[in-house]
Amino acid sequence: MNRESISGLLLAGGRGTRMGHVDKGLQPFGGTTMAAQVLARLAPQVGAVAINANQNLDTYAAFGLPVWPDETPGFAGPLAGLEAGLRHCATPYLLTAPCDSPFLPADLAARLLAGLERDGADLAVAVTEENGLRQPHPVFCLLKTSLAPLLSAYLAQGGRRMDGWYPQIKVSEVLFEDADAFRNINTLDELRSLDSARPPRLAEVASCLSSYDPDALPVRDAQRIIRDFVTPVRAAEQVALRAALGRVLAADIVSPINVPAHDNSAMDGYALRGADLLADGPTRLAVIGTTYAGRAFEGAPQPGQCVRIMTGGVMPAGCDSVVPQEFVQEDGAAIVLAPGVIRPGDNRRFAGEDLKAGGVALPEGKILRPADLGLMASLGVAEVPVRRRLRVAFFSTGDELRSIGQPLDEGCVYDSNRYTIYGMLQRLGCDVIDMGVVRDDPQALEQALVDACENADAIITSGGVSVGAADYTRQIMARLGDVTFWKIGMRPGRPLAFGRIGRIDGPGHSAFLFGLPGNPVAVMVSFYFFAREALLRMMGADAPLPLLRARSAAAIRKKPGRTEYQRGILARGADGQPEVRITGAQGSGILRSMSEANCMVVLHDEQANVQAGDMVDVLMFEGLV
């Protein structure tokens, strides 16, 4: 995208009637003003920026930008500001954003321009889907400046609706996933509540631990700090049922019907009245018809009568029991069953037995699996509310790293960590942004982090967090956000950086950072035991690691006071019980041993040496999201 071809226009021409007749854009927010917050997000996307305002012109001029008042009299609303922008704009395109929406997307210009060019349109407008309804946001638009005469003519005829002139032009609707990015602040109460909702600092979260020491941090304490620090991404979208596999439910699925819908038979047999069963002799019943699943029996059996019924068939009126067909003897048009074969009420499934209408079929936060899709289909649910996919950027650091396809110079190695991280993120269902290899250079690292923060919810790096490499990294992190460096009591993978970078004290885009070690096995261990749960929490899901118990096939050496993760192979022992053995050498650079393993043996802080036959915790790799 050539951003020099686009001018940005801040729409601040309102009268501020909802905020005590003070310009919304000049209200304090995030340590500055709302207008300043919007301009900070708008300016990097365009070649030039101007402001449309009709009062407090000197205050707006202090931003050092052109200020263009409305040229159509009588406060004609945002369209008058748009008209002023088109008349003064010196570039082919104009991008507009209101002064009361300080969370606008960092890729607004790029995506609107792509939509406009894709559809051969004159104007592109942002839309979101909220509660299954498509919601346009006409004040967030990109349009050709050549449309100025058409807009002026529409205003001269008394038109005031933002979309009222759309029938005269070709419009492209561009779907954005994050509805909160287009949120506008209308009242002082709303402004104050959002401005006061500052996320906690890492030091505040860590202060809850009585003996916090970043240079000797137990695994469970690091996990607790991360869990308490990260926050879920709230944006949601509606997707078709088949597209919901692996996504996280954004709301409870409430059953609109009873399941089953009617009392029905649990097996093939004969539906009868329990009162007809004789306790002291055989019961003889006349068969008067048959009911199939999906085809109910029309009549109502009388005393001494029964109905042949198939599994799932609706229970005939008056019948409350089913005798399996193998328990009866056929005698012409009748059946005979011995006393005590069944009791009244046996083999009957009640309406709503599985799920009652109005009951929660699936809870919010559940990661949807194949059985869940089947359950929702059985309820007639065609579209599912899910959290938007988490955007995760990742890169490796190090001058010695080469990407696949590059020549391998002396002393260099191929970068394997990016592929491992890519696979783990894919299993979590994230949208991934592979930023490649970043060289050991402060400016390159800082730029990579800034770029990643603008496009992602979370950032994962590998390498550059060890004691020797962290000096300039710490300085960069201090400038960019709230990040701490830990030495964790674990093996492998002692160093870890964690925090948040970007706009941490106010609105604007920020991203949670996980700085993993550089050794290949340490990367996987650190991801599974620190990043994975945090990313799932950001998705709105609760999916703790599924640890199993297994018998150790041999002795394992272990020092108490640190957590150890050893690669293992779980199989059935001679007695059929689960038994695990480690794969041999456990060096943190031996990725082959991780590939050979099907599990990881988790030896906790307080554990010492393990003897053969002792029970240990095991994390299985297969199926791990």
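**Figure 1. Helix H3 and the elements that cover it.** In this predicted model, the buried residues of helix H3 are covered by elements that include strands E1, E4, E5 (93-98) and E7 (133-144), together with helix H5 (148-156). Helix H3 takes in residues 78-88, and eight of its eleven residues are buried, so we can call it mostly covered. If you would like to find them in the view, look for Leu79, Ala80, Gly81, Leu82, Glu83, Ala84, Gly85 and Leu86.

**Figure 2. Strand E4 and its parallel neighbour E1.** Two of the elements that cover H3 are E1 and E4, and here we look at how they pair. Strand E1 (residues 6-12) runs parallel to E4, and six bridges join the two. A handy place to begin is leucine 10, which stands opposite isoleucine 51 of E4. Is strand E4 largely enclosed or left open by the rest of the structure? It is largely enclosed, because five of the six residues in E4 (residues 48-53) are buried.

**Figure 3. Two asparagines with positive phi.** Most residues other than glycine have a negative phi, and this view picks out two asparagines for comparison with that rule. Asparagine 56 has a phi near 55 degrees. Its place is the loop that connects E4 with helix H2 (57-61). With a relative accessibility of 39%, asparagine 56 is partly exposed. Asparagine 347 is also not a glycine, yet has a positive phi, about 60 degrees. You will find asparagine 347 in the loop between strands E17 (334-337) and E18 (348-349). Asparagine 347 is partly exposed too, its relative accessible area being 23%.

**Figure 4. Two cis peptide bonds that lead into prolines.** Most peptide bonds are trans, which makes a pair of cis bonds a nice thing to look for. Valine 259 is linked to proline 260 by a cis peptide bond with omega near -5 degrees. Proline 260 sits in the loop between strand E10 (253-254) and strand E11 (264-265). The peptide bond between arginine 491 and proline 492 is cis as well, with omega about 0 degrees. Where does proline 492 lie? Look in the loop between strand E27 (490-491) and strand E28 (495-502).

**Figure 5. Strands E26 and E28 side by side.** Strand E28, which follows the loop of proline 492, has E26 as an antiparallel partner, with seven bridges between them. To line up the pair, start from valine 483, whose bridge partner in E28 is glycine 499. Strand E26 spans residues 481-487 and is mostly covered, with six of its seven residues buried. As you follow such strands, it helps to remember that side chains in a regular strand alternate between the two faces of the sheet.

**Figure 6. Strand E34 and its two antiparallel partners.** Strand E30 (residues 547-552) is joined to E34 by five bridges, and the two run antiparallel. Within this pairing, alanine 550 has valine 616 of E34 as its bridge partner. Strand E33 (residues 599-603) also runs antiparallel to E34, through four bridges. Here cysteine 599 is matched with methionine 620 of E34.

**Figure 7. Aspartate 617 and its contacts.** Aspartate 617 belongs to strand E34 (residues 615-620). Is aspartate 617 buried or exposed? Its relative accessible area is 13%, so aspartate 617 counts as buried, the cut-off being under 20%. Leaving aside residues up to four places away in sequence, aspartate 617 touches Leu547, Leu548, Arg549, Met600, Val601, Val602 and His604. Valine 580 is 37 residues away along the chain, and its C-alpha atom is 9.8 Å from that of aspartate 617.

**Figure 8. Stepping back to the whole chain.** The close-ups above come from a chain with 14 helices and 34 strands. Its radius of gyration is 33 Å, well over the 25 Å from the globule rule for 625 residues, so the chain is more spread out than a compact globule. The C-alpha trace spans about 105 × 75 × 50 Å along its principal axes. Buried residues account for 48% of the 625 in the chain. Of the contacts between residues at least 6 apart in sequence, 71% link residues at least 24 apart. The chain exposes about 28,200 Å², with 51% of that supplied by carbon and sulfur atoms.

Key:
Residues numbered from 1 in each chain as written. Predicted model: local features only at pLDDT ≥ 70, side-chain atom pairs only at ≥ 80, totals over all residues. Heavy atoms only, no water. Rg over C-alpha atoms; globule rule 2.2 N^0.38 Å. Buried < 20%, exposed > 50% of the residue type's maximum accessible area, 1.4 Å probe, protein only. Contact = heavy atoms within 4.5 Å. Areas by Shrake-Rupley, 256 points an atom, 1.4 Å probe, with all protein chains shown as cover. Pairing = 2+ DSSP bridges.
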